Amino acid sequence: MTGEMMVLPDIQPNLLQISRNTKLSPPPPSKSLVFGHTFTDHMLTVPWSSISGWSAPQIEPYGPLRLEPSSTVLHYAQTIFEGMKAYRDDNGKVTLFRPGMNMNRMNSSATRVALPNFNGDALLELIKELIRIDKHWIPKEPGHSLYVRPTLIGTQKAVGISPPNEALLFVICSPVGPYYPNGFKPIALYGTTEYVRAAPGGTGAYKIGANYAPGVLPQKFAAHKGYQQNLWLHGPEHYLTEVGTMNMFVVFKKEDGSLELVTPPLDGMILPGITRDSVLDLAREHVSGKKKLANLSDKLTVSERPVTMSEVKSASLSGSLVELFGSGTAAVISPVDRIGYLGEDILIPTEEDGMGPVSRPIWKELVGRQMGTIESDWSVPVTQ
Ligand code: COI
């Protein structure tokens, strides 16, 4: 090649090789599912190298990967992942929820840790094929789904730190039940001042493995003090950022009696959650009149702005704190009823079913769109 950059092959669905699992497992009863503990019969793998680009994708039996102990992922956490859900309706039709957003975010995470990029539409086509092969694993009961976990790891056989010259993209699938099988149970949060999840210029806005392992010890610490999750705070002002592995929302009642739904802005420390984006979209569609949600106040404003603990604390004391909840793919909406903060508990109202007046109508519309009982272009067909 003279002076031209060689263009390496992208992911090519037309080169897919399928080797079927000859020892199929029976999917377990839905009631016995524990989140992320059971995997389907097949997985997708797509190797990459800096010399030959993306090689032929394979769907093969789910099983152990062969990695050299020197693989960079095992030393420097060169790993990123996504979480997305596929649903199966009563007629057997399978859909994915807003999967294009996962593909875009995965590429953005890959860039942040110097892993290779890829054509998101091509990967999505392969993920759909994997889901079609294992579709009998998708539980049909309400609130159940197939949790799809695309992952990309650096596999260069070297302990030097650099962009890896080899990588492996793989996708595994796990049938899951509702996060709260017996209805919503509000959780208590520990307002963490001892540890940070993310900092300006760091990696909080990306779904990289390295963001998650350091949260496990603080979670144990919070549990030890009697709280289920950490409320991650930032800076001396104690800005609220995220809840455990979820984005967060808070609802205030303003002086004129109207409501404000607030979530922290995407300032580089906040994961651009797909559930976060969906909650904001639904609330804004309600406010604009594009799609009114039943039982949601019309006197609502939607804000992406910083919130401090002192704002939450004084709202709780004055009775203007309406609700606070986490949002994520796994739990969808997770109401909060208490925050332990600097030695005292801040109480947050919840209604009888555990939810609040803003989260309930939004949750109803969201799960309807996810399950396909409410039609929308967020639900993407996998089978016809
Ligand atoms: C979520 O969907 O809330 C997550 O990020 C969960 C995952 C890390 C298990």
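## Close-up views of a predicted model

**View 1. The hairpin of strands S16 and S17.** In strand S17, the residue that stands as bridge partner to Gly-328 is Val-332. This view, like those that follow, is drawn from a predicted model. Strand S16, which spans residues 321-328, and strand S17, which spans residues 332-341, run antiparallel and are joined by 4 bridges. The two strands form a hairpin, with 3 residues between them.

**View 2. Strand S16 and its pairing with strand S13.** Strand S13, residues 246-253, is joined to S16 by 6 bridges, and these two strands also run antiparallel. Within this pairing, Met-248 is placed opposite Gly-326 of S16. Strand S16 is mostly covered, since 8 of its 8 residues are counted as buried. In a regular strand, the side chains alternate between the two faces of the sheet.

**View 3. The surroundings of the ligand.** The residues around the ligand are Phe-35, Tyr-147, Lys-207, Tyr-212, Thr-245, Met-246, Gly-328, Thr-329 and Ala-330. Gly-328 thus appears both here and as the bridge partner of Val-332 in the hairpin view. Two of the polar approaches involve the backbone: an oxygen atom of the ligand is 2.8 Å from a polar backbone atom of Ala-330, and an oxygen atom of the ligand is 3.4 Å from a polar backbone atom of Thr-245. A side chain takes part as well, with an N or O atom of Lys-207 placed 3.0 Å from an oxygen atom of the ligand. Taken alone, the ligand exposes 290 Å², of which the protein buries 83%.

**View 4. Lys-207 and its contacts.** The unreviewed UniProt entry annotates Lys-207 as "modified residue: N6-(pyridoxal phosphate)lysine". Lys-207 is found in the loop between strand S10 (187-192) and helix H4 (216-224). Because its relative accessible area is 10%, Lys-207 is counted as buried, the cut-off for that class being under 20%. When residues up to four places away in sequence are not counted, Lys-207 touches Ile-80, Phe-81, Glu-82, Gly-83, Arg-105, Ser-109, Tyr-212 and Leu-271. Of these, Tyr-212 is also listed among the residues around the ligand.

**View 5. His-286 in helix H5 and Glu-365 in helix H7.** His-286 is found in helix H5, residues 274-288, and is buried, with a relative accessible area of 1%. A polar atom of the His-286 side chain lies 3.2 Å from the backbone oxygen of Leu-296. Beyond four places in sequence, His-286 touches Lys-291, Lys-292, Leu-293, Leu-296, Ser-297, Asp-298 and Leu-300. Glu-365 lies in helix H7, residues 359-371, and counts as buried at 6% relative accessibility. Leaving aside neighbours within four places in sequence, Glu-365 is in contact with Leu-282, Lys-291, Leu-293 and Ile-374. Lys-291 and Leu-293 are therefore contacts of both His-286 and Glu-365, two residues that are each buried.

**View 6. Two alanines with positive phi.** Most residues other than glycine have a negative phi. Ala-77, however, has a positive phi near 55 degrees, and is found in the loop between helix H1 (72-76) and strand S5 (79-81). With a relative accessible area of 29%, Ala-77 is partly exposed. Ala-114 likewise has a positive phi, of about 60 degrees, although it is not a glycine. Ala-114 is found in the loop between helix H2 (99-112) and helix H3 (120-133), and counts as partly exposed at 37% relative accessibility.

Key. Residues numbered from 1 in each chain as written. Predicted model: local features only at pLDDT ≥ 70, side-chain atom pairs only at ≥ 80, totals over all residues. Heavy atoms only, no water. UniProt positions renumbered as here; feature names shortened; annotations may be inferred. Buried < 20%, exposed > 50% of the residue type's maximum accessible area, 1.4 Å probe, protein only. Contact = heavy atoms within 4.5 Å. Pairing = 2+ DSSP bridges. Near = heavy atom within 4 Å. Polar contact = N/O pair within 3.5 Å; in protein donor to acceptor, adjacent residues only side chain to side chain. Areas by Shrake-Rupley, 256 points an atom, 1.4 Å probe, with all protein chains shown as cover.
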